[in-house]
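Here is a report on a protein model, written for a first look. Keep the picture in view as you read.

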Protein chains: 2
Amino acid sequence: MRSEAELTKLFREGGKKITPQRQCIFRILQDNQTHPSAEAIFDAARLEMDSISLKTVYQTLNELVEIGEILSLDFGTGAFRFDPNNSAHHHLICTKCGQIRDLQLANLVPELPSELAQGFRVSKAEVTYRGICVRCDN
Amino acid sequence: MRSEAELTKLFREGGKKITPQRQCIFRILQDNQTHPSAEAIFDAARLEMDSISLKTVYQTLNELVEIGEILSLDFGTGAFRFDPNNSAHHHLICTKCGQIRDLQLANLVPELPSELAQGFRVSKAEVTYRGICVRCDN
DNA sequence: TGTTTGTCAACAATCTTTGTTATTTACTAT
DNA sequence: ATAGTAAATAACAAAGATTGTTGACAAACA
């Protein structure tokens, strides 16, 4: 995800306005590696702006997803998780505490042999590793 | 997933009763490769038993998941999908029509090097390939 | 066949996400 | 700086998926 200044430029170019709410959400997402849910971002935003609404958070997140600045991920935890790391990467999830870590795995991405692709034109491969993290492993 | 007879035995051994509703759901899942949602299974079941409730479907599915007979999968489509193929496998999803295909990829499963595992004790790797299927590719 | 205990259907409730709308605010051109 | 306008906001309702609750019912087993 780009800097607040660049995002501001991008939004304005797209006919969108820059509001304090959006700037707040941009800041919360910057360098955030916790894969927060919309609710978690809402809670963080409320610390700064106690009147912000959850709908505004969803709307801004969806806009960031649409322009490819963040990724929306679903790991079956009940709510979508958002990731400002929009480069090609994979995930490592602790089955005990639920924490999600990014994995940069350029070489390991398995290419699907065409004889197994069942006629599909494959464009993306996501790998999710599940296991127990250090803290939960006792 | 095992046969209806074996599931009956398993359920009884687990102190669970075998009802017509459960047998109906077992049959619907047998050899089902469509990755149905709970709602889809509910619709299929209603053709045979018009009084069956959605709650019963969910309850039986959850029990089958608990004993490892089926897999519950979340691909971000809004609802969980259920898969009677409980052997280690991966998935191929059409980004246009949403159909999901199983992929048996024993050898291609990428082993995560321990230096990248961030201390996790990894137990499972799921790969999701996304692309366009033959029918949607025009 | 009767008794026990788990299951069922019906309904309500919860959780996440999206739709609606009147009001406010950011941007633009004066 | 100011006014006009188009978009964003907060508040609220609504939708969709899943789970909780409960009294009636039926499967299992003696």
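## Strands that pair

Two strands pair if DSSP finds at least two bridges between them. Take chain B of this predicted model. Strand S3 (residues 90–94) of chain B and S5(B) are joined by four bridges, and the two run parallel. One residue shows the register: B:His91 stands opposite B:Thr128 in S5(B).

Chain A offers an antiparallel case. S3(A) and S4(A) run antiparallel, joined by four bridges. Here A:Leu92 has A:Arg101 in S4(A) as its bridge partner. The hairpin of S3(A) and S4(A) has five residues between the strands. In that hairpin, A:Gly98 takes a positive phi near 85°.

## The plan of one chain

How many helices and strands does chain A have? There are four helices and five strands in chain A. Their order along the sequence of chain A is α-α-α-α-β-β-β-β-β. Helices are written first in that pattern, and strands follow. Along the principal axes, the C-alpha atoms of chain A fill a box of roughly 50 × 45 × 25 Å.

Salt bridges also link parts of the model. The structure holds 14 of them over all chains. One is formed by the side chains of A:Arg22 and A:Glu63, at 2.8 Å from N to O. A:Arg22 lies in helix H2 (residues 20–29) of chain A and A:Glu63 in helix H4 (residues 54–66) of chain A, so the pair ties together parts that are 41 residues apart in sequence.

## Two copies and an axis

Now bring in both chains. Chain A is superposed on chain B by a rotation of 179° with 0.1 Å of shift along its axis. The RMSD is 0.1 Å. That is the relation of a two-fold axis.

Which residue of chain A comes closest to the rotation axis? A:Val127 does, with its C-alpha at 2.2 Å.

## Where the copies meet

In chain A, 36 residues are in contact with 36 residues of chain B. Of the interface residues of chain A, 100% are also interface residues in chain B, so the copies meet through the same surface. The area buried between chain A and chain B is about 3200 Å². Carbon and sulfur atoms give 57% of that area.

Polar links cross the interface too. The rule finds 16 residue pairs in polar contact between chain A and chain B, both at pLDDT 80 or more. Three elements of chain A give two or more residues to the side that touches chain B: strand S3 (90–94), strand S4 (100–103) and strand S5 (121–132). Of these, S5(A) gives the most, with 12 residues. The residues of this side divide into 20 nonpolar, seven polar and nine charged.

## A strand against its copy

S5(A) also pairs across the interface. Its partner is strand S5 (residues 121–132) of chain B. The two pair in the antiparallel sense, over 11 bridges. Two positions show the register. A:Ala125 stands opposite B:Tyr129 in S5(B). A:Glu126 stands opposite B:Thr128 in S5(B). B:Thr128 also stands opposite B:His91 within chain B.

In a regular strand the side chains alternate between the two faces of the sheet.

## Charges across the interface

There are four salt bridges between chain A and chain B. One of them joins the side chains of B:Arg121 and A:Asp137, at 2.8 Å from N to O.

Now look at A:Arg121, which lies in strand S5 of chain A. Where is A:Asp137 relative to A:Arg121? The two are 16 residues apart in sequence, but 40 Å apart in space, C-alpha to C-alpha. Across the interface, the side chain of A:Arg121 makes a polar contact of 2.9 Å with the side chain of B:Asp137. Beyond residues up to four places away in sequence, A:Arg121 touches B:Gly131, B:Ile132 and B:Asp137.

## A loop residue in chain B

Finish with B:Asn85. This residue is found in the loop between strand S2 (81–83) and S3 of chain B. Which residues does B:Asn85 contact, leaving aside neighbours within four places in sequence? They are B:Leu71, B:Asp102 and B:Gln104. With B:Asp102 the link is a polar contact of 3.0 Å between side chains.

Methods. Residues numbered from 1 in each chain as written. Chains lettered and ligands numbered in written order. Predicted model: local features only at pLDDT ≥ 70, side-chain atom pairs only at ≥ 80, totals over all residues. Heavy atoms only, no water. Least-squares fit on C-alpha atoms with pLDDT ≥ 70 in both. Contact = heavy atoms within 4.5 Å. Buried area = accessible area lost by both parts, 1.4 Å probe. Polar contact = N/O pair within 3.5 Å; in protein donor to acceptor, adjacent residues only side chain to side chain. Nonpolar A, V, L, I, M, F, W, Y, C, P; charged D, E, K, R; others polar.
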